[in-house]
Amino acid sequence: MKLFTSCMGARSSHATRRSKADTSEPRAVHRYSKVHQGAVNCIAPASSSHTIITGGADGNATTFNYNTGKVVCYMRHGDKPITAVQNASGMGGIVTGSRDTNVRLWSGSTPTVFSGHSLVVTAVAITPDNSRILSGSRDNCINAWDVSTAKLLFSISESRNLITALKLIPRENILVQTSEDKRVRLWDTRNLQLIHVYPTKHYIQTSCDVSADGNTIVSGSNGFNGSGCEISLWDVRGTRLLCELPAVMATLR
């Protein structure tokens, strides 16, 4: 398994620190030549082998081959940062969200643009049947878009629900959403009706993911110097908090 962080500088390899008792082979960390002119804001797996999708503060998204260290394709948006990326292999392309408030589906040199948010798009997801794109924004809205027509199907808005991340539960019509209001919510992807709101946490929930069996949600929080910065595990079926795990010394993304 390879782990990628969203920053890329001059390529080099070095070993991670190990304790004296650790006799295993050292693990190499690779740095790659600069891909974006500025910060790398987001990354996601791509459909091709050894390839990831990156979104940058320079307004570009790329597909990047980490074996060769080369950019396979540039998707040029303009001067507004890319803030969300998602592989859309079932649609033959890539979905991006931007600070220009638009969602784009790239399946060629010219993207299909989905316009409807009023603030930066912070997260995107794709329904399993590839018929809809779901997008979240700092405008407190989650939008559902029809891929074939680029039309807005549904839009929900809740006060103070600044969306930070979206994730679909495998084999279910359920969307997981985290927010700056410190909550984790479940939505029905068919009509964007609210299913459940988990108990409010003490810190902003900045990220989320779902286990492969669809039974457990993991969310990460913000914090500083070890205050907050925790991982929470949530039971999907029992709709309850399972446990909290201390994580690192900074915000989890």
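Here are some worked exercises on a predicted model, starting with the whole protein and then moving to one sheet.

Before we start: residues are numbered from 1 along each chain as its sequence is written, and side-chain values use heavy atoms, with hydrogens and water left out. Since we're on a predicted model, local features need pLDDT of at least 70 and side-chain atom pairs count only at pLDDT 80 or more, while totals for chains, interfaces and linings use all residues.

**Exercise 1. Take stock of the whole protein.**

Step 1: count the elements. The protein has 0 helices and 24 strands. Both are DSSP runs numbered from the N terminus, with helices being H or I of at least four residues and strands being E of at least two.

Step 2: check burial. Of the 253 residues, 45% are buried, where buried means under 20% relative accessible area with a 1.4 Å probe, protein chains only.

Step 3: look at the surface. The accessible area is about 13,100 Å², by the Shrake-Rupley method with a 1.4 Å probe. Carbon and sulfur atoms hold 49% of that surface.

Step 4: look at contacts, meaning heavy atoms within 4.5 Å. Among those with a separation of 6 or more, 35% link residues 24 or more positions apart.

**Exercise 2. Work out the order of the sheet that holds β11, and find its edges.**

Step 1: set the pairing rule. Two strands pair if DSSP finds at least two bridges between them.

Step 2: walk along the sheet. Its 4 strands line up as β11-β12-β13-β14, open and antiparallel.

Step 3: pick the edges. β11 (121–126) and β14 (152–157) each pair on one side only.

Step 4: add the twist. From one strand to the next it averages 15°, using axes that are lines fitted to C-alpha atoms and angles from 0 to 180 degrees between N-to-C directions.

**Exercise 3. Trace the bridges and turns from β11 to β14.**

Step 1: start at β11. It joins β12 through 5 antiparallel bridges, and Val124 sits opposite Ser135. The hairpin leaves 5 residues between these two strands, and Asn130 in the turn has a positive phi of about 60°.

Step 2: stop at β12. This strand covers residues 132–137, and 5 of its 6 residues are buried.

Step 3: cross to β13. Again there are 5 antiparallel bridges from β12, with Ile133 partnered by Trp145. This hairpin has 3 residues in between, and its turn includes Asn140, with a positive phi of about 75°.

Step 4: finish at β14. Strand β13 (residues 141–146) reaches it through 5 bridges, antiparallel once more. Trp145 turns up here too, bridged to Leu152.

Technical notes:
Buried means under 20% relative accessible area, exposed over 50%, partly exposed in between (1.4 Å probe, protein chains only).
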